[in-house]
There are 2 protein chains.
Amino acid sequence: MLQPRFILDEWKIIEAGFEPDYTLDSESIFALGNGMMGTRANFEEKFSGNTMQGTYIAGVYYPDKTIVGWWKNGYPDYFAKVLNAPSWIGIDVEIDGETLDLAKCKILKFERVLNMKQGTLLRSFTVMMTNGRTAEIIAHRFISMADPETAAISYSVRITGGTGKLSMMPYINANVHNEDSNYGEKFWEDTQVTVNGSSASVVARTRKTGFVVATAMASELRADGKHVTALPEIVTGNDHAGTRFITSYGDGQTLEVRKYVSVLSSLHHEAAGIDMKAIDAANRAISEGFDILLVKHIDSWNDIWEHGDIVIRGDVEAQQGIRFNIFHLNQTYTGEDPRLNIGPKGFTGEKYGGSTYWDTEAFVFGFDLNTRDSHVARNLLKYRHNHLGKAIENASRLGIGKGAALFPMVTMNGEECHNEWEITFEEIHRNGAIAYAIFNYTRHTGDRDYLAGPGLEVLIAISRFWAQRCNWSVHRKKFVILGVTGPNEYENNVNNNWYTNKMATWTLRYTIESLNWLKSERPADFSRLALSTSLEYSGETELWQKIIDQMYYPECSERGIFLQQDGFLDKELKTVDDLIPAERPLNQNWSWDRILRSVFIKQADVIQGLYFLADEFDEKTIRRNFDFYEPRCVHESSLSPSIHSVVAARLNDIDRAYKLYLRTARLDLDDYNKEVREGLHITSMAGTWLAIVEGFGGMKIVSDKLCFNPVIPASWESYSFIVRFRNNPVKVEVNGKYISVKNIATGEVPVAVFGSEIVIAPGKDHIFYK
Amino acid sequence: MLQPRFILDEWKIIEAGFEPDYTLDSESIFALGNGMMGTRANFEEKFSGNTMQGTYIAGVYYPDKTIVGWWKNGYPDYFAKVLNAPSWIGIDVEIDGETLDLAKCKILKFERVLNMKQGTLLRSFTVMMTNGRTAEIIAHRFISMADPETAAISYSVRITGGTGKLSMMPYINANVHNEDSNYGEKFWEDTQVTVNGSSASVVARTRKTGFVVATAMASELRADGKHVTALPEIVTGNDHAGTRFITSYGDGQTLEVRKYVSVLSSLHHEAAGIDMKAIDAANRAISEGFDILLVKHIDSWNDIWEHGDIVIRGDVEAQQGIRFNIFHLNQTYTGEDPRLNIGPKGFTGEKYGGSTYWDTEAFVFGFDLNTRDSHVARNLLKYRHNHLGKAIENASRLGIGKGAALFPMVTMNGEECHNEWEITFEEIHRNGAIAYAIFNYTRHTGDRDYLAGPGLEVLIAISRFWAQRCNWSVHRKKFVILGVTGPNEYENNVNNNWYTNKMATWTLRYTIESLNWLKSERPADFSRLALSTSLEYSGETELWQKIIDQMYYPECSERGIFLQQDGFLDKELKTVDDLIPAERPLNQNWSWDRILRSVFIKQADVIQGLYFLADEFDEKTIRRNFDFYEPRCVHESSLSPSIHSVVAARLNDIDRAYKLYLRTARLDLDDYNKEVREGLHITSMAGTWLAIVEGFGGMKIVSDKLCFNPVIPASWESYSFIVRFRNNPVKVEVNGKYISVKNIATGEVPVAVFGSEIVIAPGKDHIFYK
């Protein structure tokens with residue numbers, strides 16, 4: 001077990017004391033965002049220590065020229081990246097001419113608090129300046145959940161030990177770059193500075209993609225809590241604008257700058273006049289004032305927690321972990337814009353470029369489906385449907401035509417960005433997760449309209465892909481799928497990955513079933529769909545059925561397990577216990593070929609399939625596979641422990657499920673994978689949510705009913721969560737004795753717990769004893 | 001069949017007419033070299049058209065910072081490249097103030113002749129200048145085979161149509177760069193120019209590696225064949241030096257510049273004073289004069305041809321092809337320096353960085369063994385033995401220790417340069433070819449001293465590698481080798497590549513045999529070796545024997561073939577005839593994943609094994625495999641058709657062997673793979689030699705005898721070649737009726753042809769009838 005670096009608290013992440021070696025880590029942990037934008041927890045004042053500056057705007061990306069060692073036919077030319085946007089947090093401070101810089105000043109006290117209930121970041125610290133004066137600083141900021149284009153900072157300085165001169169300069173800075181720029185290029189151009197009174201905006205345009213972003217600020221000076229009418233000095237350059245307040249300070253006097261920021265982009269506004277629009281917005285914010293903006297912001301967070309909190313009693317460590325996950329998931333994606341998606345690191349780092357991976361459908365989708373109105377999950381489906389044309393192009397570039405689609409491994413706008421052949425071309429199971437999300441949405445919401453139109457368009461295109469990507473083996477007299485990489489990326493270019501083969505036939509079957517339903521129930525929709533997709537119903541579905549019937553799945557009958565892929569049993573069948581602790585994580589210590597030929601698994605693969613398709617297998621089969629694979633899984637993907645935790649809980653292996661839960665819930669807080677400095681694992685945070693709700697809570701949708709089969713870890717007194725079924729929220733509480741299910745919606749909800757079925761009326765609850 | 005672009009001629013490559021679209025191709029084809037250095041056939045005068053400037057010095061390399069898309073543990077930091085060295089060919093020409101530039105002047109006539117017998121490049125062309133004058137230019141150059149640090153150019157201009165002013169400026173230019181520089185860096189630094197009278201040298205040092213190269217020139221002006229005493233203007237800069245001759249020309253007068261060049265490097269000279277040493281050498285050359293230098297050079301080439309020519313009567317196309325191959329092989333490597341090796345493109349291009357690949361042992365080794373004194377092949381073995389320590393380090397980085405060696409995939413100095421995991425870490429069969437070369441050397445030369453010392457050190461280290469790289473499969477109850485790439489690089493990361501498994505056990509067996517021989521015949525050597533390699537004789541050889549006895553080889557008993565790897569028969573078993581011609585070559589038209597999962601083979605793989613280890617298999621087995629694999633081989637590696645040609649000839653399939661022979665012999669002349677502009681396929685040229693000698697000639701060493709089993713293509717009247725056995729050259733001539741074997745050595749040679757065995761005395765010949 002790792003030693004937590006932060007104080008355990010149910011609602012807060014508290015860093016007590018300044019640790020120069022961990023500044024990058026804390027910049028990730030304490031990041032703020034509101035779905036529209038986000039920032040790493042960089043300091044307002046100058047900081048010459050270790051830092052990765054990061055300000056990001058959802059959907060504003062740059063197609064960075066790609067970098068490869070050896071080009072392979074089919075590689076895309078660029079890798080889209082959410083870029084480091086103009087920074088709005090800066091407030092330079094000079095005390096008696098000396099720059100305030102935590103890397104240089106003597107620090108007497110330092111505390112940083114992320115208040116997850118309120119969505120605020122509070123930093124308070126005391127330093128001694130070289131002239132012996134002591135300065136106490138309190139920096140308080142938030143990015144508004146109520147008004148997604150607004151942020152505010154209150155930055156106060158109280159100097160004791162004498163009087164003197166204080167300069168504070170809030171500013172906007174567009175001279176920013178991405179650390180991960182492949183060729184050190186600048187991603188922004190044509191910056192323009194507009195000043196209006198003491199407000200200013202900096203407008204910049206992204207190269208190539210032409211997104212225009214206006215970042216404006218208005219600011220005020222306050223002394224001992226009162227507004228001071230002061231005309232600050234305006235400081236501007238090509239790519240920055242600031243207002244410098246120079247003032248005398250009295251001994252013990254508190255001087256505060258309040259900075260109101262608005263960030264507007266051409267995703268939501270006309271580019272023409274966006275500078276003045278941003279300034280107007282900043283001025284509106286200043287006239288509302290920090291306190292009112294903050295109250296509205298906290299109100300919005302209250303709403304979120306009211307509908308999305310998970311409460312665990314008796315285990316602060318677990319409670320803090322799950323809230324940290326829910327908090328960051330809500331900061332990253334609000335689900336109102338089908339052009340947006342969830343980058344694996346959200347707004348907390350550059351890695352993975354803020355692009356969309358299969359993480360969305362495989363992990364985040366279940367969270368959004370349950371904690372938000374159903375239009376949010378539908379927007380995630382629309383995102384992919386909007387990219388269908390490009391996915392068809394993508395498949396055709398790989399030689400797979402006739403309307404077949406391969407959705408990209410990594411994408412911003414539907415175009416493939418990734419450039420490792422074993423991933424880009426081979427990790428095709430992503431198509432399966434995208435199909436599965438349509439199924440999941442449909443069974444969860446009961447909304448069949450989506451399936452009837454866009455849903456089936458996507459399903460048909462994916463089915464066509466599987467039908468061409470497999471081939472008939474004369475030798476085996478079976479269909480096989482050669483040359484793939486499964487979810488376990490510690491294997492590359494394998495034949496017959498069980499998970500992939502399984503998800504392929506699952507998709508084919510679900511597509512046929514859905515088509516047959518449409519044909520008989522909505523013949524007009526069926527005709528329209530057949531026309532728009534050039535579907536040859538009989539010919540195509542017959543082939544699909546043949547593939548379903550004759551697909552090959554690797555397995556070992558002797559051991560009673562499915563094999564991750566052909567040849568898996570030829571490996572040395574060691575377990576994680578055989579590993580030398582100093583050699584872990586393997587991906588930082590072993591050469592790549594050694595990892596590949598070893599038995600060790602990066603993340604759930606067969607187990608991922610048994611998680612998705614649990615209903616197809618009996619408990620004994622699942623247990624045999626889990627007992628074989630879990631001891632060989634090193635969980636070096638953040639996406640892994642949550643799924644193993646769910647499956648362990650379903651198998652009633654509660655201790656193992658709990659251990660895996662803590663690993664997923666506190667992955668970043670305790671930095672299990674030694675990489676939190678690069679950003680948080682946002683998408684895998686949704687897995688943590690699944691670990692509680694689908695794992696411990698045992699939630700499933702079976703036969704149009706909301707089912708629970710809860711267990712509870714030994715150290716927990718109780719836990720509660722809210723899920724949605726048919727868009728009706730239901731509150732569930734589990735303790736050692738019973739489970740209470742309360743319908744907090746306006747419609748009836750059919751529930752099944754421990755085998756007893758009941759329909760719960762709105763406002764009513766029911767208690768089930770084990 | 002492709003239409004040859006050059007005139008068919010037994011000894012010459014003739015390009016008639018200037019083709020601007022093919023300038024890059026011809027720069028490769030007409031390249032000159034002498035083992036010590038080489039140049040592409042760039043023009044002396046300025047040329048603003050398509051060109052890739054290339055001047056290279058053997059062994060002078062630069063460790064270019066590597067480039068990868070996604071870093072994998074174990075990758076090397078750099079890729080060593082033979083770098084573009086200071087250029088010495090330049091002669092700027094101005095006629096009446098107008099620059100001579102074939103991309104701009106009107107060309108009336110153009111011819112370029114590579115005289116392979118003499119090793120000279122002659123370019124003659126006539127242009128019309130804008131003032132209406134006609135200029136006939138003859139540029140004649142060579143890089144001396146007699147004095148490896150010397151080159152000379154005669155460049156004459158005859159202008160008709162009036163009188164005027166001619167300026168000719170021979171110069172040395174160190175402002176050169178590599179087109180394949182990964183980050184656009186310059187590879188040279190600290191250039192220094194020294195002028196001494198009308199001679200000059202430019203000295204430059206490579207960055208990081210610190211090689212110092214001095215390139216000097218002396219030049220003279222001649223009018224109508226007579227030396228003119230003229231003091232030229234000296235033109236120097238930071239990185240170049242030239243001497244400009246400005247002279248009046250008469251109508252029809254011939255003015256000629258003779259440029260004498262010396263290139264000295266710190267590989268062979270002290271860096272201090274190297275500038276004056278180079279100037280002295282250039283001055284010695286000028287005092288000898290062009291004609292005498294040329295005669296000596298031609299004499300050296302006569303020697304080479306006398307011992308290394310292959311004469312084919314009745315087929316000019318085939319004759320020209322093989323001479324082109326032999327010519328370039330001799331230009332690339334002379335075998336006197338064990339620090340040098342044979343880059344796949346020699347001195348004809350930048351691709352593959354001039355580094356060493358398994359090509360050397362698998363292809364070039366047999367050529368050198370047969371056409372040169374045995375110290376040349378021994379130098380190639382020494383090259384690897386000198387790198388043994390680094391190969392042991394390399395294996396240990398991959399987690400394979402205990403004195404095991406993995407020789408690098410690509411190297412300059414023993415350190416791995418390549419950075420694709422599926423090649424760098426997995427194409428481990430290279431170790432087998434290095435072991436095989438030791439065996440080949442020993443059986444060919446009879447020299448067992450090398451085996452007794454360095455040979456066995458290398459064999460033990462490779463055997464240790466195989467012993468750890470395989471693992472016991474509990475499932476199969478066999479040893480398996482997982483995660484490899486075989487010679488066919490159109491498959492990556494496969495299990496149980498038949499060729500690799502076979503070469504692994506072959507190495508183990510040969511090592512055990514050699515150790516047992518040493519133990520019983522030279523016990524003192526054995527003790528010394530056991531000590532120096534920390535050999536645990538019993539334990540290690542027992543394990544090796546166990547692996548030999550229980551290795552798994554994939555095969556299909558029904559078809560009676562060996563399988564290239566596990567799962568090969570699951571593919572769609574198409575043949576090359578099923579391919580759409582427009583989609584070839586596949587590597588330029590198909591996406592990489594499609595290539596990988598297709599049945600199509602880039603180069604000999606199982607067939608390569610049946611070539612190396614022919615004696616282990618009966619003819620029927622070889623035929624069944626050849627009939628299965630040859631129709632599925634697209635030969636998109638230059639190394640492939642030659643080996644298939646040898647095996648086809650051995651199977652008496654002469655038509656197929658001949659077709660494959662032409663493809664390998666004329667690969668570059670006819671540009672089969674559409675890439676000759678990048679450079680010639682030097683190492684595969686040795687395969688062409690093997691195709692004639694081991695294929696048609698049926699040469700083998702069996703039981704310490706030189707055996708032939710010749711066949712002859714239908715269109716050939718006869719062919720002859722010289723091979724060495726026990727370092728004794730033997731001349732062989734084959735026609736439709738008989739084979740004549742003449743011992744041109746000083747020792748006896750035991751020969752076996754068509755089953756009859758005879759010992760041929762020095763100077764005697766013997767005729768065998770079929």
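Biologist: What radius of gyration does chain A have, set against a compact globule?
Modeller: The radius of gyration is taken over C-alpha atoms, and the globule rule is 2.2 Å times the number of residues to the power 0.38. This is a predicted model. For 770 residues a compact globule would have a radius of gyration near 27 Å, and chain A agrees because its own value is 27 Å.

Biologist: How many helices and strands does chain A have, and what does its C-alpha trace span along the principal axes?
Modeller: The secondary structure of chain A comprises 20 helices and 33 strands. Along the principal axes, the C-alpha trace spans about 90 × 55 × 55 Å.

Biologist: What percentage of the residues of chain A count as buried?
Modeller: Buried means under 20% relative accessible area. The exposed surface of chain A is about 26500 Å², with 47% of it supplied by carbon and sulfur atoms. Of the 770 residues, the share that counts as buried is 66%.

Biologist: How far apart are the mean positions of the positive and negative charges of chain A?
Modeller: Chain A carries 82 positive and 99 negative charges. The distance between their mean positions is 2 Å.

Biologist: Which three residues of chain B supply more of the area buried against chain A than any other three?
Modeller: In the interface, 46 residues of chain B contact 46 residues of chain A. The two chains bury about 3900 Å² between them, and 54% of that is on carbon and sulfur atoms. Of the area that chain B buries against chain A, 19% comes from Trp70(B), Asp570(B) and Arg597(B).

Biologist: Is Ile643(A) buried or exposed?
Modeller: Ile643(A) lies in helix α18 of chain A, residues 640-650. Leaving aside neighbours within four places in sequence, its contacts are Phe363(A), Ala604(A), Ile607(A), Gln608(A) and Tyr611(A). The relative accessibility of Ile643(A) is 0%, so it counts as buried.

Biologist: Where is Pro63(B) found, and does Pro63(B) count as buried or exposed?
Modeller: Strand β5 of chain B, residues 61-65, holds Pro63(B). Not counting residues up to four places away in sequence, Pro63(B) touches Tyr78(B), Phe79(B), Ala80(B), Arg207(B), Lys208(B) and Thr209(B). Because its relative accessibility is 12%, Pro63(B) counts as buried.

Biologist: Which residue is joined to Pro585(A) by a cis peptide bond?
Modeller: Pro585(A) sits in the loop between β25 (561-562) and α14 (586-589) of chain A. The omega angle of the cis bond is about -5 degrees, and the residue joined to Pro585(A) is Arg584(A).

Biologist: What is omega for the peptide bond from Arg584(B) to Pro585(B)?
Modeller: In chain B, Pro585(B) is placed in the loop between β25 (561-562) and α14 (586-589). The bond from Arg584(B) to Pro585(B) is cis, and omega is near -5 degrees.

Biologist: What is phi of Asp190(A)?
Modeller: Asp190(A) is in strand β14 of chain A, residues 188-196. With 47% relative accessibility, Asp190(A) counts as partly exposed. Phi is positive in this residue, which is other than glycine, and lies near 50 degrees.

Biologist: Does Lys402(B) count as buried or exposed?
Modeller: Lys402(B) is in the loop between α7 (388-397) and α8 (421-424) of chain B. Although not a glycine, Lys402(B) has a positive phi of about 50 degrees. At 72% relative accessibility, Lys402(B) counts as exposed.

Conventions
Residues are numbered from 1 along each chain as its sequence is written. Chains are lettered from A and ligands numbered from 1 in the order in which they are written. This is a predicted model: local features need pLDDT of at least 70, side-chain atom pairs count only at pLDDT 80 or more; totals for chains, interfaces and linings use all residues. Side-chain values use heavy atoms; hydrogens and water are left out. Helices (H or I, at least four residues) and strands (E, at least two) are DSSP runs, numbered from the N terminus. Buried means under 20% relative accessible area, exposed over 50%, partly exposed in between (1.4 Å probe, protein chains only). Accessible areas come from the Shrake-Rupley method with a 1.4 Å probe; for residues, only the protein chains shown count as cover. Lys and Arg count as positive and Asp and Glu as negative; His and the chain ends are not counted. The place of a charge is taken as NZ of Lys, CZ of Arg, CG of Asp or CD of Glu. Contact means heavy atoms within 4.5 Å. Buried area is the accessible area (1.4 Å probe) that two parts lose on being put together, summed over both.
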